[in-house]
Amino acid sequence: MFTGIIETLGKIENIEQEKSNIHFYVSSAISNELKIDQSVSHNGVCLTVVGLNNDQHKVTAIDETLQKTNLAQLRMGDLINLERCTLAGGRFDGHIVQGHVDQTARCIQKKDENGSFIFTFQYDVSKQNITVEKGSITVNGISLTVVDSKDDQFSVAIIPYTLEHTNLQQVEVGSTVNLEFDIIGKYVTKIMALRA
């Protein structure tokens, strides 16, 4: 369980293909604090730490994960959002995030609002995921508030601090991001579909 509050940025130091799997070697300020078998969110994807070496950790993404997320598009030198699991009894500053990406979206607009930015993302509605204005959405693992919601797209407002401390700084028009929709909204949507 995560909250969508990014702890730090990691840097992709190396990428290795092994059959249909990809191993990512990530350096970060928290890598030397991690343990083997620990779950860590990488761009919103819950991955297990399988190796440690100095200030780097290694995680493996299987083919299904690569097909459903933007991890296959990562290249050496890219920045990745990292968050460790929520501590029991800790403050819950974001919202309930499972680390299970529902689908990807494409950035279709990045607008400078005199210091802050408005990002607009478009996604495939056939998967029946929804957003609502003032509701929660997870973009690349970041807990954000929807400021504008349409059938197949939504916008979020990004303050300078968030831009500086997450990999949204690398997101441009055309970039692909990971989305995890609000778990409560997903349950409500499922219940309504069963009643129809």
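## Strand pairing in the predicted model

Two strands are treated as paired if DSSP finds at least two bridges between them. By that criterion, strand β3 (residues 39-42) pairs with strand β4 (residues 45-53): 4 bridges join them, and the two run antiparallel. The model in which this pairing is found is a predicted one.

β3 and β4 form a hairpin with 2 residues between them. In its turn, N43 has a positive phi of about 55°. Within the pairing, S41 has C46 of β4 as its bridge partner.

## From β4 to β5 and β2

Strand β4 is also joined to strand β5 (residues 56-61), again by 4 bridges and in the antiparallel sense. These two strands form a hairpin, with 2 residues between them, in which N54 takes a positive phi near 55°. V49 has V59 of β5 as its bridge partner, and N53 stands opposite Q56 in β5.

β5 pairs with strand β2 (residues 21-27) as well, in the antiparallel sense and over 6 bridges. In this pairing, Q56 of β5 is the bridge partner of S27. Q56 therefore appears opposite N53 and as the partner of S27, under the bridge criterion for paired strands.

The two faces of β5 can be told apart by their cover. H57, V59 and A61 form the covered face, whereas Q56, K58 and T60 form the uncovered one. V59, the bridge partner of V49, thus belongs to the covered face, and Q56, the bridge partner of S27, belongs to the uncovered face.

## Two buried positions

T166 is located in the loop between α2 (160-165) and β12 (176-181). Its relative accessible area is 4%; residues under 20% count as buried, so T166 is classed as buried. Apart from residues up to four places away in sequence, T166 touches I6, L9, N81 and I142.

L179 lies in strand β12 itself. Because its relative accessibility is 0%, L179 counts as buried. When neighbours within four places in sequence are set aside, the contacts of L179 are V101, D102, Q103, T104, A105, Y123, T138, V139 and F154.

I142, which is touched by T166, also serves as a reference point for L179. L179 and I142 are 37 residues apart along the chain, and their C-alpha atoms are separated by 9.3 Å.

## Overall fold and dimensions

The chain contains 3 helices and 12 strands. Its C-alpha trace spans about 50 × 45 × 40 Å along the principal axes. The radius of gyration is 16 Å, which agrees with the value near 16 Å for a compact globule of 196 residues.

Of the contacts with a separation of 6 or more, 67% are between residues 24 or more positions apart. Buried residues make up 42% of the 196 residues in the chain; T166 and L179 are both classed as buried.

## Surface and charge

The chain exposes about 10500 Å². Carbon and sulfur atoms supply 49% of this area.

The chain carries 17 positive and 24 negative charges. The mean position of the positive charges and that of the negative charges are 4 Å apart.

Key. Residues numbered from 1 in each chain as written. Predicted model: local features only at pLDDT ≥ 70, side-chain atom pairs only at ≥ 80, totals over all residues. Heavy atoms only, no water. Rg over C-alpha atoms; globule rule 2.2 N^0.38 Å. Buried < 20%, exposed > 50% of the residue type's maximum accessible area, 1.4 Å probe, protein only. Contact = heavy atoms within 4.5 Å. Areas by Shrake-Rupley, 256 points an atom, 1.4 Å probe, with all protein chains shown as cover. Lys, Arg positive; Asp, Glu negative; His and termini not counted. Charge placed at Lys NZ, Arg CZ, Asp CG, Glu CD.
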